[in-house]
Amino acid sequence: MKAVTFQGAGEVRVEEKPAPELGAADDVIVRVEASGICGSDLHIYHGRVPVEPGFTIGHEFVGTVLAAGEEVERLAVGDRVLGCFHTACATCSACLRGDYHRCRKGRTFGHGSHLGDLQGAQAEQLLVPRANLTLRRVPEGMSSDVALFAGDVMGTGFHAVVNAGMKPGDTVAVLGLGPVGLCAAQAALAGGAVRVLAVDTVEPRLAMAAELGATPVHLTEQDPKREVRAATDGEGADVAVDAVGSPESLTLAVSLARDAGTVAGIGAYSGRAELPIGLAWLKGLQLRLGQANVIAHVDRVLGLMAAGKLDPSPLVSAHMPLAEAEEAYRVYDRREALKIVLTP
Ligand SMILES: [Zn+2]
Ligand SMILES: [Zn+2]
């Protein structure tokens, strides 16, 4: 089968690999119908996340069950399914609390041996462990473009606002209008936010935010703090979502949040940083950080997407054949697309 493999910084290759085989009794083999290229794949592409050369990458997928182990109870051969971007064991202490994103034995698709040694989804076939928990049936009539988002990008945007405790009537600021930021804006509006101020510098992304019902705010040509104040009688945002993941964006989120508001850092931070911790303390802010618990949210996200209340389809900017993945990565790296869907 064809598979997209990481080779070295700036290089991926489409290679022939043996098809995967069932191992554990709760494994499933999926024939992949569509897989997404994601911002986190670019971290791998640039060598910032260590992945072994020759490892198959990709973690967003929709497909059909080709084979299922005998302990797979919730799915059958022939079912059309979508996956979450990682697996969870369902029995460790974190899973028993419902914190699937912190599973002690969790494995992330397509991220090399340091994140569970699980081959990726940008391939014609995929081995899915813990399939009872990792996979869901695609609701009747849902396109793969939409379903693809449930187990990663939309689940992450949804997590940002739900985990922040956003309430109907809230004002939300979203920093960074990549796919996750745009999905967070949609999730906030679907959850009853009265307004979402969406901050970025890239015009097409601001235009997309406006199309989705948010108020676009240009990071440098406007003053986000003034815009948020003006929209909230000087109070500030109930929830400020940082979908960038940098010290600068987190600092701005702290300044945009109201007193006793919440800052939700959903971007991937690393290392150490200087932060206005005194201001955060003075404001009495809640900080909610970390990767999204997509397994916990996936059924509600699918329900909202099936009802049309969340619709990520405008974010899909291109479809390309899996065989042209090398070009697809170059296009994605130039930020010419919000989401590229690869089809075998
Ligand atoms: Zn992703
Ligand atoms: Zn677990």
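Which protein donors bind the zinc ion (ligand 1)? In this predicted model, the donors are Cys-38 through SG, His-59 through NE2, Glu-60 through OE and Asp-152 through OD, at 1.7 to 2.3 Å from the zinc ion. Along the chain, these donors are spaced as C-x20-H-E-x91-D. Cys-38 belongs to the loop between strand S3 (28–37) and helix H1 (39–45), and Glu-60 to the loop between H1 and strand S4 (61–68); the pair therefore ties together parts that are 22 residues apart in sequence. Both Cys-38 and Glu-60 are buried. The geometry of the zinc site is irregular, with angles of 86 to 140° among the 4 donor atoms.

An open sheet is formed by 6 strands in the order S12-S11-S10-S13-S14-S15, with parallel pairing. Its edges are strand S12 (215–218) and strand S15 (286–289), each of which pairs on one side only. From one strand to the next, the twist averages 20°. Strand S10 (residues 171–175) pairs with S11 in the parallel sense over 5 bridges, and Thr-171 has Arg-195 of S11 as its bridge partner. Helix H7 (residues 203–211) lies across S11 and S12 and runs at about 160° to S12. Helix H9 (residues 247–256) also packs on the sheet, where it touches S10, strand S13 (237–242), strand S14 (257–265) and S15, and its direction makes about 150° with that of S14.

Within strand S11 (residues 195–200) lies Val-196, a buried residue with a relative accessible area of 0%. Beyond its neighbours within four places in sequence, Val-196 is in contact with Val-172, Val-174, Ala-185, Ala-188, Leu-189, Ala-214 and Thr-215. The C-alpha atom of Val-196 is separated by 25 Å from that of Asp-145, 51 residues away along the chain.

Technical notes: Residues numbered from 1 in each chain as written. Chains lettered and ligands numbered in written order. Predicted model: local features only at pLDDT ≥ 70, side-chain atom pairs only at ≥ 80, totals over all residues. Heavy atoms only, no water. Donors = N, O, S within 2.8 Å, 3.2 Å for Na, K, Ca; no water. Tetrahedral: all angles 85-135°; square planar, octahedral: opposite > 155°, others 65-115°. Helix = DSSP H or I, 4+ residues; strand = E, 2+ residues; numbered from the N terminus. Buried < 20%, exposed > 50% of the residue type's maximum accessible area, 1.4 Å probe, protein only. Contact = heavy atoms within 4.5 Å. Pairing = 2+ DSSP bridges. Axes fitted to C-alpha atoms, helices over the stretch in contact; angles between N-to-C directions.
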